[in-house]
Amino acid sequence: MRRAELFKHWGTFDKGLDSKSIQRSFAAHLEYSLARDQYTAKSLDLYHSLALSVRDRLVERWIRTQQMYYDRDVKMVYYLSSEYLMGKFLINSLINLDMYEETRKAMQELNIDLNELAELEADAGLGHGGLGRLAACFMDSLAAMEIPAYGYGIRYEFGIFDQIIRNLGQVELPETWLKHGNPWEIPRTDRRYTVRFYGRVRETHTDDGWRRYEWLDAQEIIGIAYDIPIDGYDNNTVNTLRLWSARAPKEFDLQYFQHGDYYRAVEDKYISENISKVLYPSEDIYQGRELRLKQQYFFVSCSIQDIVRRYLTNHESLEAFPEKVAIHINETNPSLAIPELMRILVDEHGLDWETAWEITTRSCSYTNHTLLTEGLEQWPVSMFEQLLPYHLQIIYEINQRFLDGVSAQYPGDVERLRRMSLIGEEGEKRIRMAQLAIVGSHSVNGVSEIHTRLFREKIFNDFNDMFPERFNNKTNGISPRRWMFVANPGLAGLITKRIGRDWVKDLSRLGEIEPLANDAEFQEQFNAVKQENKERLVKVVGELTGFTIDPRSIFDAQVKRIHEYKRQLLNILHVIHCWQRSKEDPDFDLYPRTFLFGGKAAPGYFMAKMIIRLICHVAEKINRDSTNELIKVVFLPNYRVSLAENIIPAVEVSEQISTAGFEASGTGNMKFVLNGALIVGTFDGANIEIKEEVGEENIFIFGLTAEEVRNLRASYNPGMYCEKDPALKRAIEIIRDGFFSPGEPDLFKPLVEMLLNQDPYLVLADFEDYCRCQRDVDKDYRNRELWTRKAILNVARVGKFSSDRTILEYNRDIWHAEPISVTREDKSSQTPEKT
C-alpha cells in the first residue's frame, strides 16, 4: 500500500496488532492528533503518529493494570530515583508488545523505514550514568516480572547536557529532549502537590504533652505529575513512571504587569520552574548546591504525598501501610523520603512518633551505590536550617532517639556515637544522608558482592554491628530486552533460531548455547553478526566524527562517565605507549586496534574534563600520523543510551579498569559480555562475579586487589613507579613536554603533576600489569577460533546478570509484593482515584 492510497481511507483509532490495523491507527493520528495529510506531514510527524499509535495499544493495558492493582488492593513497590536514563521508547515497546514485525511491515508498505523513524526519537536523558540506566532496567524488569510498581523521579526539562567536542575539549549545551514534545507522556494536571521551602518553625505541645512543630511563612511550589507507561515483555502489565515538574502557585502577576514591571510579573514562575530544569546543577556555587537540595526534596515530597494519597483511597487508617507500601530509596538522593514520611504521618495524620517511626522503617528500604565519599551526600546544617527548617527538627529528633539506642547498646562508647551520629561534627556541621537512609530503613543493600562486603566492613561497619540483619547484597543486572533484543537484533535472532525465545525472560537459558561454542557453523554465524555490527558502527563513527575506522581492526571500547577512578587515564597511557613502541621498535607486532572512548564529565569536574582533552589531543596526533596503520583513537561525543546501542554490539574488548574497591558494581561490563565482548578488567565491582560465571580463562583480569589498593595507598609513591618503568616514563614525559598540545605546551601539566605526586587511583601502580594483560588480548585475538569460543561462552554464561533476577531477589527478600498477571477482560471497573 502506498502512502497516497492510505490517505484516501482515513482510519479510526484501531488498536489491533496486525499491519492493517497499525496503518489505520497511524493515519488517524496524522489527521486527528496532528492535523496533517500526505502533503504536509514531515518525518517527525510520521514518528509522532506511530508513537501515538503504539501508545494507544499500551493505554488499554495500562488502565487495566491500574484497575486490577486497585481492585485487588495489592502491595505496591514505589521506586524513588533522581535519575532514569530511559533512552528511546519506540522499538522497545514494539518488541514488548510483540508487534515489531507487523509494524515494520505496515511502514514498509507505506514506503517508510521504521528504523529511520525510530532514529528521530530523542533520548529521554534523565540521568548521567549507571545509576539512571539501572533504574531504567529495573522499571523494565518490574513490568516484565509482573510486579506492581510505580517509579518516581523528576521531569528535567533539559536533562543532563548535550556534549560536543570543540577545540578538542568538552563543551556543554542544553539537552533539548522535549523540544518537539514527548508522545509517550500524559500530563496529570489533577495530580498536583504543594511543596514548601524556607520559613520558620514554631514548637508547640499537644494537650497530652506530645511535642509538635508548625511550619510558618514558607514559600510554596507546585509539583505536577507526568506519567509514562512502562510495558512488560510478553504480558499485559503496564506500570507507571511518574515524573514531577515544578510550577509556581501564581505563574503570572497581573498587577506587576499592568504597572510595566514585566519581569516581576513572571518572576515566581521562572524561579519555581528552575527546580525541574536541569539534572545536577553545578555545585561550584552556593546557589547550585541549594538548588540541588531543593530538587531532592521537591521530588521526594511530591512522591511521598502521592504514595500516601494512593494508599488512603483503599484504606481508612494507616495501620496497614507497611503491608501495602514498599518505598525504595535508590542511592542517597531520595533519603529525605524518611523525614518527609514522618512529617506527613505525625503532622498531617496525627500519629504519635513511635507509631509513625515503625511505619516508616517497615516501609522504606535503601540501596547504596557507592563507596566514594563524594557519593555519600552530606548537606550543611546551615543550608537545611534555611531551606528545610521543619525537616531539620525531624532529623534532630531521629538522631537523638537513635543515639539513645546506640548508647544503651554500647554504653560509654563516645567515639562510636560520634561515628554513627546523623550529624557530622567535623568542621561545618553536616547531615549525613546515607546514615539517615540506613537508620530509617528496614533493608540496606549493596550492588555487588565485593561492594556489599566493603561497605559492611569498612564504611558502615558500626551500623552493620548494630543492625546486621538489615544489610544484604543484590548484585545489579541489565535488561536483556533493551541490551540484546533492541540493541543487537542479529545476535538475538541467531540465538532464538537455535534455542527459542524463552531466554528473553529467563536469561539463564542462554546456557543452552554453550555446546555451540565449538561448533564451526555457529562460530561463523556469530562472527558474521559481530562483523555486521562493526560495519554499522563504522557508519555511526563517520557521521559523528567524520573519521573512518577499519572494521577489520579490534574494536576496544571504554564508554562510561568520565571519572578519575574509572581510569580512562590508564587506557590512554597504554595507547600512547603502544604508539611510541610502533614508532621506535620495528619488531613491535600489534594487531590493528581501534580504541573507542565516550562519556561525559561533570561540568565542574576539572580533572575529568582534562582527561577528555588529553584523549582528544592524543587522537588528533595519532590519527594524523601517516606512518601509523596499527592504532586509531576516537572519542565519541554525547554518549547516551541510543549511542551505546550502536557501540556495545560491535565491541570485542571492553575496558572495565576502575581502581579495585571503587566501582560498586558497574553494569556496562554486563552489557558488553551479553553482546560477546571480552572484558579487560580489575578485581572490582561485578567484574569479580562475572569472572566466576564465565571462567577466568574467558576474561582478562589484571592489577591490584581492593585489599592491596588499601594497603598500598598508605605509603604510595607514584613517582617511584614511573622511574622504574621506562615505557611508563616515556609516555608521561611526552605528555609533559607538550608533544600532544604544541600550541599549549603546559596544557596537561596539572594532570602530569597529579599523576606523579598524588595518583589517588593508582594508575601508575597498575600500568605494568595492564600492559601485560593487553599483550594477552593481542595474542588471543589472533587465534580467531579461540577468541570466538571465548566470546560465545561469555554470552552463554552471563545469565546471572539479568535485571529480572535482581528484581526477583529484591522482591523476595525486601519488598514482598505479590506478582499479578494482568488480564485484558472486564473493562467495567470504575476507580477514578487509582491513578
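In this predicted model, the partners of Y396 beyond its sequence neighbours (those within four places) are V381 and I423. Y396 is placed in helix α15, and its relative accessibility of 33% makes it partly exposed, because that class lies between the buried limit of 20% and the exposed limit of 50%. A further spatial relation links Y396 to I431: the two are separated by 35 residues in sequence, while their C-alpha atoms are 9.6 Å apart in space.

The helix that carries Y396 also takes part in a helix pair. Helix α15, spanning residues 389–409, and helix α12, spanning residues 337–348, have axes that come within 10 Å and cross at roughly 95°. The two helices are therefore roughly perpendicular to each other, since angles from 65 to 115 degrees fall in that class. On the α12 side, the residues involved are I338, P339, E340, M342, R343 and D347, and they meet Y390, H391, I394, I395 and I398 of α15. Sorted by class, this contact comprises seven nonpolar residues, one polar residue and three charged residues.

Helix α12 has another partner in helix α10, which runs over residues 286–312. Here the axes are 9 Å apart and the packing angle is about 45°, so α10 and α12 are oblique to each other. The crossing of α10 past α12 is right-handed. From α10, the contact draws on Y297, V300, S301, I304, Q305 and V308, and from α12 on A337, E340, L341, R343 and I344. Its make-up by class is seven nonpolar, two polar and two charged residues. Readers tracing α12 through both pairs will find E340 and R343 in its contact with α15 and again in its contact with α10.

As for α10 itself, the helix holds 27 residues and extends 39 Å from its first C-alpha to its last, close to the 39 Å expected at 1.5 Å a residue. Helix α10 is also mostly covered, with 23 of its 27 residues buried.

Another helix pair brings together α24 (residues 606–623) and α31 (residues 749–757), which pack at an angle of about 110° with axes 10 Å apart. That angle makes α24 roughly perpendicular to α31. The crossing of α24 past α31 is left-handed. The residues that form the contact are F606, M607, M610, I611 and L614 from α24, together with P750, L751 and M754 from α31. By class, the contact has eight nonpolar residues and no polar or charged ones.

One of the residues in contact with W579 is K621, and the full set, leaving out residues up to four places away in sequence, also includes I622, D625, N628, I631, I734, F739 and F740. W579 sits in helix α23, which covers residues 568–584. Its relative accessibility is 6%, so W579 counts as buried. With respect to L173, W579 is 406 residues away in sequence and 33 Å away in space, C-alpha to C-alpha.

Attention now turns to the loops. T237 is found in the loop between β10 (219–231) and β11 (238–247). With a relative accessibility of 0%, T237 counts as buried. Apart from neighbours within four places in sequence, the residues in contact with T237 are T65, Y69, A143, E146, I230, D231, G232, I820 and V822.

E146, one of these partners of T237, is itself a loop residue, lying between α7 (130–144) and β4 (149–154). Relative accessibility for E146 is 18%, and the residue therefore counts as buried, the limit being under 20%. The backbone of E146 deserves a look as well: its phi is positive, at about 60°, although E146 is not a glycine. Most residues other than glycine have a negative phi.

N638 shows a positive phi of about 60° too, and N638 is likewise not a glycine. N638 lies in the loop between β21 (631–636) and α25 (641–647). At 12% relative accessibility, N638 is classed as buried, because the value is under 20%.

Conventions
Residues numbered from 1 in each chain as written. Predicted model: local features only at pLDDT ≥ 70, side-chain atom pairs only at ≥ 80, totals over all residues. Heavy atoms only, no water. Axes fitted to C-alpha atoms, helices over the stretch in contact; angles between N-to-C directions. Helix = DSSP H or I, 4+ residues; strand = E, 2+ residues; numbered from the N terminus. Parallel < 35°, antiparallel > 145°, perpendicular 65-115°, else oblique. Contact = heavy atoms within 4.5 Å. Nonpolar A, V, L, I, M, F, W, Y, C, P; charged D, E, K, R; others polar. Left-handed = near helix turned anticlockwise from the far one by under 90°. Expected span 1.5 Å × (residues − 1). Buried < 20%, exposed > 50% of the residue type's maximum accessible area, 1.4 Å probe, protein only.
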